[in-house]
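Student: I'm new to this one and would like a close look at a single part of it. Could you pick one spot and walk me through its surroundings?

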Amino acid sequence: MKSRIVFYLLIFVSLICLYLFVSNGKMATVKDERIAKLEAEIDQLKDSVQDAKLKVLEMQYFSLENNDDALAYYDHLQLENPSRYIADKLLETNESKGDNPLVPYEGMESDFKINKIKVLNHKWILTDFSDGKYWGELLIKYELKDDLGVDFTMLDHLLYTRSE
């Protein structure tokens, strides 16, 4: 009788070991597949980051910050960030009552004010203006003087039409 109990116990333990061995193998396979999937996703994300970096570099091509030849015009002025200084001076034109004096249109919903500014080089600026509903763009010529004054001249303008 005791030998049968030991025999059944041995069979039971063997079945448990066999079950653990098979289920552990399946878990390892599932985990390996999951790891492979995550590694593929990481590679895809790395490619996306690389593409984004290339797009940023392309967008920065026309930028005063990345144009050493244009920045050389302002070396004698000892400005830490000429682009930011010029943009700030341009934004000061928004402080006047009514429409911005550089915008050749009258605001329809409210006053036209300059929103976004891209300093292209040592002579030109591209800006976006809006009154909250209507918007457009300006190409502005500027001159940064030795006394740190800035003269702005609007070269061309564009007002987008609303399609509703």
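Tutor: Let's go to Asn121, which sits in the loop between strand 1 and strand 2. Keep in mind that this is a predicted model. Is Asn121 buried or exposed? Its relative accessibility is 14%, and the cut-off for buried is under 20%, so Asn121 counts as buried.

What does Asn121 touch, then, once residues up to four places away in sequence are set aside? The list is Leu64, Asn67, Ala70 and Tyr142. Two of these names can be placed on elements you can find in the picture: helix 2 covers residues 68-71, and strand 3 covers 135-144. Ser63 is worth finding too: in sequence, Asn121 and Ser63 are 58 residues apart, yet from C-alpha to C-alpha the gap is 6.0 Å. There is also a link close by along the chain, where the side chain of Asn121 reaches the backbone nitrogen of Trp124 at 2.9 Å.

Now step back to the loop itself. Strand 1 and strand 2 are joined by a hairpin through four residues. The two strands run antiparallel, with six bridges between them. If you want one pair to look for, take Ile117, whose bridge partner in strand 2 is Thr127.

These two strands turn up again around helix 3, which spans residues 82-92. Its buried residues are Pro82, Ser83, Ile86, Ala87 and Leu90. Looking down the axis of helix 3, you'd see those buried residues fall within an arc of 130°, so they line one face of the helix. That spacing has a simple background: an α-helix has 3.6 residues a turn, so residues three or four places apart point the same way. And what covers the buried residues of helix 3? The cover includes strand 1 and strand 2, along with helix 2, strand 3 and strand 4.

Finally, the whole protein. There are three helices and four strands, and from the N terminus on they run α-α-α-β-β-β-β. The radius of gyration is 34 Å, well over the 15 Å that the globule rule gives for 164 residues, so the protein is more spread out than a compact globule. Its C-alpha atoms fill a box of roughly 110 × 45 × 25 Å along the principal axes. Buried residues make up 21% of the 164 residues, and Asn121 is counted as buried.

How values were computed:
Residues numbered from 1 in each chain as written. Predicted model: local features only at pLDDT ≥ 70, side-chain atom pairs only at ≥ 80, totals over all residues. Heavy atoms only, no water. Buried < 20%, exposed > 50% of the residue type's maximum accessible area, 1.4 Å probe, protein only. Arc of directions from axis to C-beta. Contact = heavy atoms within 4.5 Å. Polar contact = N/O pair within 3.5 Å; in protein donor to acceptor, adjacent residues only side chain to side chain. Pairing = 2+ DSSP bridges. Rg over C-alpha atoms; globule rule 2.2 N^0.38 Å.
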